[in-house]
Amino acid sequence: MTNHWNDIQHADVIMILGSNAAENHPISFKYVNLAREKRGAKLINVDPRFTRTSATADKYARLRSGTDIAFIGGMINYALQQGRIQKDYVVNYTNAAFLVNPDFKGPADLDGVFSGLNGNKYDKATWSYQLDENGVPKKDTTLQDPNCVFQLLKRHYARYDMETVCKITGGDSKEYEEIYDLYTSTCSPEKSGTIMYAMGTTQHTYGSQNVRAFAVLQLLLGNIGVAGGGINALRGESNVQGSTDHAALFHILPGYLQAPKASQQTYQKYLEDNTPKNSDPKSVNWWGNYPKYATSLLKAWWRDVDPEKSYDYIGKYDDDVNYSTIPIIEQMASGKIKGLFCWGQNPAVGCPSTRLVRRALAKLDWLVAIDLWETETAAFWQPEAGVDPASIKTEVFLLPAAASMEKEGSISNSGRWAQWRWKATEPPGDARDDLYIMSELVHRVKHLYEKESGVFPEPILSLSWDYAKAGMDPSAHHPDPREVAKEINGFFLKDVVINGTAYKAGQMVPSFALLQADGSTCSGCWIYCNSVTDTENRLMRRDNSDPTGLGFYHNWAWCWPVNRRIIYNRASVDLNGKPWAKDKPVIWWDGLKKTWLGDVPDGGGAPGAVHPFIMVNHGHGQLFSPGMTDGPFPEHYEPLESQVPNLLSKQQESPVIARYDKAVQEKVCDPMLVEGAAACVFGSPDKDRFPIYCTTYRVTEHWQAGQMTRWLPWLGELVPHMFVEMSEELAKEKQIRNGEVVRITSIRNQEGILAHAMVTPRFKPFTVNGQTLHQVGMLWHFGYKGRVTGAIANDLTPLVGDANTMIPEYKAFLVNIEKVRR
Amino acid sequence: MNVSRRGFLKLAGGTLAAAGIGASVGVKSAHARPSKIRYAREVPTVCPYCAVGCGIIAHVSNGKVINTEGDPDHPINRGSLCSKGSALYQIPNNDKRLSKVLYRAPGSDRWEVKSWDWALDKIARNIKDARDKGFVRTNAKGQVVNRVENIASLGGAGLDNEEVYSLVKFKRALGLVYLEHQARI
């Protein structure tokens, strides 16, 4: 979230799409409702299904799964045509005025693709700005130049007229018009609109561009950085924010530093590639500090090794190869991955194409699952999984873990608040906390390398791992999370004097502004620097006072970065430091004391001294974003599996998505892989066998892959069965009655899965391009372990991911449904 | 005492009647009965389900969690919880929780209970053997890559920050590149 949960109360219009917040983040509605009660705010909800969120919305409209860019593109077009933009904000704070390379061409010129497409990859040379002699983008602040971002944006979205949009989405133009009018009313500087989204937005082959479309809209309306505004991802796991911050992902290192690539053979080259330069004196260009954070990280991991050397210790990934979860499945199925750890993750239920995943697990030599329960993943070799245990040669370790109340440590919520949890009780029996388990493994692997040596042992032998509990023998293996928290924050490694202040070795670094590139500081995750001081672990704070009355709660826990509760807040004031909205200021300038008041301000200096978007090179919010893999403007494409042609261009699906169905077939791999990766693409004859759009979703009573709820009697009783929800029209056509068992099949699983039919008016058929299309939704949470069990929805989902992030396409794919005749 | 069926009913009725009087007399004492959480230790925690981050108070007595409820002081949820947060009590109090180290040998149809020492040593051995065998010094282009491609690690979104940070540090030190978690899916 750019903002945070309490801040939703300041919104004038709240738009929820790609999320069913009332169901899946119920407590968020405390603030949705507060905004409605206190400010008369309006709630918009757009969803393929009439959900619990829709039921409470002031305006609801439908769209077919996977057509969000058409819907938002239509709203961007409406805002531009009607002049519903916050002009001063757009001119000064976004890149609207930047002049783009005249050779850049977009889908309006090239029938659906951007300039530079070469096979399934873009050469982004033309996605660039015209620069002056200092390397600063040239601007036309009148926004009239045909090559300025604003004019290009206008031209791009002129194609998203109401008629075309509704034809694509299957929505109603009158409803859309009302929603467009209502939401774009937040272009007024005093008003703000927030967008709340979740996986309905991201789990598409163009999920990142769905979010980009929100960003473009919010920048045009001046809704970023302000109270009651922002782009707010409602994240689904208690610490998925923290685990992303700390980089349990192949492509990043803690604090969103880049993981090193094979082409970056030296530390110097790595730093050069990742440290942007900017000669505009108003551009803060915060990533210019990259070497300080990277060196401090290497010093946190290998305290006694020169960073030039320890850089070699981190595995480099091949520049053109992807190592994310979908490739892990493929590599397991191909027998290349021999050992797998699952730390509280249940890929046999939660990954795409889970039938393939379970078969791939059988190719492992060993699997280590660390969990509170016996998961489907840990039990993939059992008869319940439909296999003969004797045929599976994988050795499996199932290690009992401590639950959240049985250990201590912090977790970071969607609003970036890192909150401490204290230990209430001991874990059951032999169960141990994960930190203990991994710490034991580190010591034992270290010991093996000490005893036997082995391949490239240095990174393991010299790894700094001294988290002894206070007062205990440092050689004893009792990791103390409070010690780890100190390393994450970072401390001085030698006595230094910075700007006249002396710091002693071992003192906590007060803020990341003081981290150094010379090896004199360490910090395990620079964005958390400032969370632990010499006197206080701020993650433990429990002062719920709210002196500004704006709901920042600066003394409750701590929030990254530097306790700033609303990021990009520099954009909440005009060039004179006056808040756009007088009744809900985020920061304001005290001219007498020459200081900012309110929230912790983004970037230093007096009003107007710096551009507000300090994390991007040129300091401006990006309407045009050359960093994306699949285009600088969001463009509508169809899901990989679709019944209808792309009505906007001849480019059916995104041209740059990783097509595993094709790759696997071309390589003529294992038939199991070919089946698991199969896709029912537009134009293939299979399309008629799987005519129904399917999506997956969640309910309040269960959680994710189910291992944390299906074992709990109270929750199991509330939702005991796997179901597939369908419209009354489809049920009538298929002669299916509510509650009956039906079989759902996809091209990847033609035996199909069984589920109870839930027939409701919440789904309605869509009319798209004159064609009647049915959509159904399956519950995400079930599996064959737990007190309540049921079929696994992901046994049907496709093995294809977003062009930028490789997030799987769980939300739009084709199935067939048949009544089970008994 | 030799009690006939009829006599038993009479006796039971008498007992019930006495109990009834007892109940009416006992209204006061029911009021005065201390709440089960009165002497319990209050431990603040945060809900382990979605990422709203609601505060929950765990009441602990004799080392056991005897109650969980929404934390009224927490600025986000102010005491409210959804059905999942309300069910948190059943995580520490659950007879289906894993409490032993389990091992399944290749081809076997059952779990065996093992000791931590045995399992951790064997896993450490597996890590070292796989790493030593599969370590990639240089890629096809001859670039030094120092990576391990035959071990993968999934998960982390359910761990604490201090744990997931340590996990990443550990796995990167081994040279892993297949390092992923729930944020990707």
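# A guided tour of the two-chain model

Begin by selecting strand E10 (residues 339-343) of chain A together with strand E7 (residues 144-155) of chain B: the two pair in the parallel sense over 5 bridges. Strands here are DSSP runs labelled E of at least two residues, helices are DSSP runs labelled H or I of at least four residues, and both are numbered from the N terminus. Two strands count as paired if DSSP finds at least two bridges between them. Within this pair, display A:Cys342, which stands opposite B:Leu154 in E7(B).

Before moving on, note that this is a predicted model, in which local features need pLDDT of at least 70, side-chain atom pairs count only at pLDDT 80 or more, and totals for chains, interfaces and linings use all residues. Residues are numbered from 1 along each chain as its sequence is written, while chains are lettered from A and ligands numbered from 1 in the order in which they are written.

## The contact between the chains

Widen the selection to the whole contact, which takes 131 residues from chain A and 103 residues from chain B. Two residues are in contact if their C-beta atoms, placed from the backbone, lie within 7 Å. Which element gives the largest share of the side of chain A that touches chain B? Select helix H19 (residues 434-452) of chain A, which contributes 10 residues. Coloured by residue class, the side of chain A that touches chain B divides into 75 nonpolar, 35 polar and 21 charged residues. In this division Ala, Val, Leu, Ile, Met, Phe, Trp, Tyr, Cys and Pro are nonpolar, Asp, Glu, Lys and Arg are charged, and the others, Gly among them, are polar.

## Chain B

Now isolate chain B, which has 5 helices and 8 strands. Followed from the N terminus, its elements run α-α-β-β-β-α-β-β-α-β-β-α-β. Of the 185 residues in chain B, 45% are buried. A residue is buried if 20 or more other C-beta atoms lie within 10 Å of its own, exposed if 12 or fewer, and partly exposed in between, with C-beta atoms placed from the backbone. Among the contacts in chain B with a separation of 6 or more, 33% join residues 24 or more positions apart.

Select residues 40-96 of chain B, which an unreviewed UniProt entry annotates as "domain: 4Fe-4S Mo/W bis-MGD-type". UniProt positions follow the numbering used here, feature names are shortened, and annotations may be inferred rather than shown by experiment. This span is 7% helix and 35% strand, and its end C-alpha atoms lie 25 Å apart.

Next, centre on B:Asn62, in the loop between strand E2 (55-61) and strand E3 (64-70) of chain B. B:Asn62 is not a glycine, yet has a positive phi of about 50°. Is this residue buried or exposed? B:Asn62 is exposed, with 8 other C-beta atoms within 10 Å.

## Chain A: helix H7

Turn to chain A, where UniProt places the feature "domain: Molybdopterin oxidoreductase" (unreviewed entry) at residues 2-442. The chain over residues 2-442 is 34% helix and 12% strand, with end C-alpha atoms 36 Å apart.

Select helix H7 (residues 149-157) of chain A and show its buried residues: A:Val149, A:Phe150, A:Leu152, A:Leu153, A:His156 and A:Tyr157. Viewed down the axis of H7(A), these residues fall within an arc of 165°, so they line one face of the helix. The arc is that of the directions from the helix axis to the C-beta atoms. Helix H4 (68-81) and helix H6 (107-110) of chain A are included in what covers them.

## Chain A: from E19 to E21

Move to the loop between strand E19 (558-559) and E20 of chain A, where A:Pro561 is found. A cis peptide bond, with omega about -5°, joins A:Trp560 and A:Pro561. The loop between E19 and E20 also holds A:Tyr568, a residue other than glycine whose phi is positive, near 65°. A:Tyr568 is buried, with 24 other C-beta atoms within 10 Å.

Continue to strand E20 (residues 587-590) of chain A, whose covered face carries A:Ile587 and A:Trp589 and whose uncovered face carries A:Trp588 and A:Asp590. E20(A) runs antiparallel to strand E21 (residues 595-598) of chain A, joined by 4 bridges. A:Trp588 has A:Leu597 as its bridge partner in E21(A). E20(A) and E21(A) form a hairpin with 4 residues between them, and A:Lys594 in the turn has a positive phi of about 55°.

## Chain A: the barrel

Finish at the closed barrel of 6 strands in chain A, which runs E22-E28-E23-E25-E24-E29 with mixed pairing. Within the barrel, select strand E23 (residues 723-726) and strand E28 (residues 775-779) of chain A, which pair in the antiparallel sense over 2 bridges. The last pair to display is A:Val724 with its bridge partner in E28(A), A:Met778.
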